[in-house]
Amino acid sequence: MIKKILLALGLVVIVFIVIVALQPAEFRVVRSAAISAPPPAVFAQVNDFHNWDAWSPWAKLDPAMKQTFEGSPAGVGAVYAWEGNNKVGAGRMAITESKPAELRRIKLDFLRPFAATNPTEFTFKSEGTNTTVTWSMSGHKNFISKAFCLFMNMDKMVGGDFEKGLAQMKKAAESGPKQAT
């Protein structure tokens, strides 16, 4: 009887390992929003980390969060780091590419609650009197991440925050944004 139970448990573990191993190794979360402002006004919201408090979905989750800014004030070389409670964790972002009113890429390093590096990108497309901004984040999933994602979907976990952030960015850009590039 115990032998059958151990054999069944072993089989369950093997099946679980195979299922996890067959999961996709990459993920990508993408959300877009139309904003009634020209591309330079929307671009200014993301090109300067000092503007993120107005729209970031994580900015107000920890009023005591420590924030540091390094390097350039905006654009390539600008660096933002944070250290906060369990809701915001700790990490660092650095702008790696910045094409005014067109594209902004950042290297996003999470330090806590889990270590990960996720390339993040914002694109801006003029459409009449609107700008469509697209926010994306991608990453690699190791075996543990693949197992975690069997129960927690990255798109569902982060996508809602992207939608909230884009809605707040819309309000900030439409109410008179800074025009820094």
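Student: How far apart are E174 and K170 in helix α4, counted in helical turns?
Tutor: We're looking at a predicted model here. Helix α4 covers residues 154-174, and the side chains of E174 and K170 meet there in a salt bridge with an N to O distance of 2.8 Å. The two residues sit 4 positions apart in that helix, so their separation is about one helical turn.

Student: Are E174 and K170 buried, partly exposed or exposed?
Tutor: Buried needs under 20% relative accessible area, and exposed needs over 50%. E174 comes out at 36%, while K170 has 29%. Since both values fall between those cut-offs, E174 is partly exposed and K170 is also partly exposed.

Student: What about the salt bridge of D109 with K107: which class does D109 fall into, buried or exposed?
Tutor: The closest N and O atoms of that pair are 3.7 Å apart, which fits the 4 Å limit for a salt bridge. K107 is partly exposed at 42% relative accessibility. D109 has 14%, and because the buried class means under 20%, D109 counts as buried.

Student: Which residues are linked with E97 in a network of salt bridges?
Tutor: Start with one pair: the side chains of E97 and K99 meet at 3.5 Å, N to O. E97 is partly exposed at 22% relative accessibility, and K99 is partly exposed too, at 37%. The network joins E97 to K99, R105 and E121.

Student: How many salt bridges does the count come to?
Tutor: As background, side chains of opposite charge can pair when their charged atoms come close. Pairs we've met include E174 with K170 and D109 with K107. The full count comes to 8.

Student: Over to the strands: which residue stands opposite V79 in β4?
Tutor: Strand β3 takes in residues 79-83, and strand β4 runs over residues 90-99. These two pair in the antiparallel sense over 5 bridges. In that pairing, the residue opposite V79 is A94.

Student: And which residue in β2 has V79 as its bridge partner?
Tutor: β3 also pairs with strand β2, residues 66-70, in the antiparallel sense over 5 bridges. As for cover, 4 of the 5 residues in β3 are buried. The bridge partner of V79 on the β2 side is E70.

Student: Which residue in the turn of the β3 and β4 hairpin has a positive phi?
Tutor: The hairpin leaves 6 residues between β3 and β4. One residue in that turn has a phi of about 65°, and that's G89.

Technical notes
Residues numbered from 1 in each chain as written. Predicted model: local features only at pLDDT ≥ 70, side-chain atom pairs only at ≥ 80, totals over all residues. Heavy atoms only, no water. Buried < 20%, exposed > 50% of the residue type's maximum accessible area, 1.4 Å probe, protein only. Pairing = 2+ DSSP bridges.
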